[in-house]
Amino acid sequence: MEHFSWFTLIGLGQYDYILGSILVLIILALAGFGIKKALSREDSVLPDEKFSIRTIFEILTIDFLFDLFTNMLGSKERAKKYFPLLGASFFFILFANFLGIIPGFLPPTGNFNVPVACALVIFVMYNFYGFKENGLAYLKHFAGPVIFLAPLMFIIEVISHFVRPVSLSLRLFMNITGDHLILGVFTNLVHYIIPAIFIGLGIFVSFLQAFIFTVLSAIYISLATAHEAEIE
């Protein structure tokens, strides 16, 4: 099924997912600078009188994501430590998913390369955090609780770790691709009212998939950075 893209008008349709990703990063960067500027004001502790982009980000970051990470990682200090990676992943995937709902744009996460890149970043970083937190003792996470089963457990654990980025990327790619395909089909069949229902469904799926990806990433970080005594 052919989808119209604004980028085809300038002859860059084949780079749609790259340009879409760059567009999302620019939007997030501008939003970040805007919020930072707003927080630098003397009255920044007071909430905005009107519903604004700052309000949306405050609700999503402080009232939702930060509390979620605090509960999952065990403390506010750990949540602050890993929030830049997890928060950035959530907002990038969320806005990349949202981009596909706007007419003339394809969701960057609907191209398999983008979910794979996101999943590989999480894979590399949670292993890095594991070694940073535990040193070489991190390898004990792969050995299991029974010493004579360690060789077998090591193989099983290594395979399960390599499966994680595959499952993360496949889940995100297939759900967003399927959702965008359904939206496109029904929009072509019926031009009024019905597409609004599927746009609402698309917003829900976009949020849900960003949430699932981020929660699983937080779980992987939590497991990797757990100390030996916590595991036992």
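# Two cavities and the helices around them

The lining of the largest cavity divides into four nonpolar residues, five polar ones and one charged one. That cavity belongs to a predicted model, so its walls are read here from computed coordinates, by the cut-off of an atom within 4 Å of a cavity point. The residues in question are Asn97, Gly100, Ile101, Pro107, Ile176, Asp179, His180, Leu183, Gly202 and Ser206. Two elements each give two or more residues to this lining: helix 5 (150–189) and helix 6 (194–225). Which element gives the largest share? Helix 5 does, with four residues. The volume of the largest cavity is about 50 Å³.

How many cavities does the search of the whole structure find at 30 Å³ or more? There are two. Rolling a probe the size of a water molecule over the atoms is what shows where empty space is left. The second largest cavity has a volume of about 30 Å³. Its lining consists of Leu168, Arg171, Leu172, Gln209, Ile212 and Phe213. Helix 5 and helix 6 are again the elements that give two or more residues. By residue class, the lining of the second largest cavity splits into four nonpolar, one polar and one charged.

Now step back to the whole chain. The protein has seven helices and zero strands. Along the sequence, the pattern reads α-α-α-α-α-α-α. The C-alpha trace spans about 65 × 50 × 30 Å along its principal axes. Of the 232 residues, 38% count as buried. Take the contacts with a separation of 6 or more: residues 24 or more positions apart account for 69% of them.

Helix 5 deserves a walk along its length. It has 40 residues. From the first C-alpha to the last, helix 5 reaches 57 Å, close to the 58 Å expected at 1.5 Å a residue. Where does helix 5 bend? The bend is at valine 163, by about 25°. A proline, proline 165, follows within four residues. Proline 165 is itself one of the buried residues of helix 5. The others are Ala150, His161, Arg164, Leu168, Ser169, Leu172, Ile176, Asp179, His180, Leu183 and Gly184. What covers these buried residues includes helix 3 (76–99), helix 4 (113–134) and helix 6.

Several of these buried positions also face the empty space. Ile176, Asp179, His180 and Leu183 are buried in helix 5, and they line the largest cavity. Leu168 and Leu172 are buried in helix 5 too, and they line the second largest cavity.

Helix 4 comes next. It has 22 residues and reaches 32 Å between its end C-alpha atoms, close to the 32 Å expected at 1.5 Å a residue. Its buried residues are Val114, Pro115, Cys118, Ala119, Ile122, Phe123, Tyr126, Asn127, Tyr129, Gly130 and Asn134. They pack against helix 1 (16–39), helix 3, helix 5 and helix 6.

Look at the end of that list. Asparagine 134 lies in helix 4. Is asparagine 134 buried or exposed? Its relative accessible area is 14%. The cut-off for buried is under 20%, so asparagine 134 counts as buried. Which residues does asparagine 134 touch, not counting those up to four places away in sequence? They are His141, Ala224, Thr225, Ala226 and His227. Glycine 135 follows helix 4, and its phi is positive, near 65°.

Beyond that lies the loop between helix 4 and helix 5, where glycine 144 is found. Glycine 144 has 34% relative accessibility. Buried ends at 20% and exposed begins over 50%, so glycine 144 counts as partly exposed. Between the C-alpha atoms of glycine 144 and valine 215 there are 24 Å. Along the chain, glycine 144 and valine 215 are 71 residues apart.

One stop remains, in helix 6, which holds threonine 214. Why does threonine 214 count as buried? Its relative accessible area is 2%, and the cut-off is under 20%. Leaving aside neighbours within four places in sequence, threonine 214 is in contact with Phe69, Leu86 and Phe90. On the same stretch of chain, Phe213 is part of the lining of the second largest cavity.

Note on methods: Residues are numbered from 1 along each chain as its sequence is written. This is a predicted model: local features need pLDDT of at least 70, side-chain atom pairs count only at pLDDT 80 or more; totals for chains, interfaces and linings use all residues. Side-chain values use heavy atoms; hydrogens and water are left out. On a 1 Å grid over the protein atoms alone, a cavity is a set of points where a 1.4 Å probe fits but cannot get out, and a pocket is an open set with protein on both sides within 12 Å along at least five of seven lines; lining residues have an atom within 4 Å of a point. Grid points are joined across faces, edges and corners, and a volume is the space filled by probe spheres set on the points. Ala, Val, Leu, Ile, Met, Phe, Trp, Tyr, Cys and Pro count as nonpolar, Asp, Glu, Lys and Arg as charged, and the others, Gly among them, as polar. The expected span of a helix is 1.5 Å times one less than its number of residues. The bend at a residue is the angle between axes fitted to the seven residues ending there and the seven starting there. Buried means under 20% relative accessible area, exposed over 50%, partly exposed in between (1.4 Å probe, protein chains only). Contact means heavy atoms within 4.5 Å.
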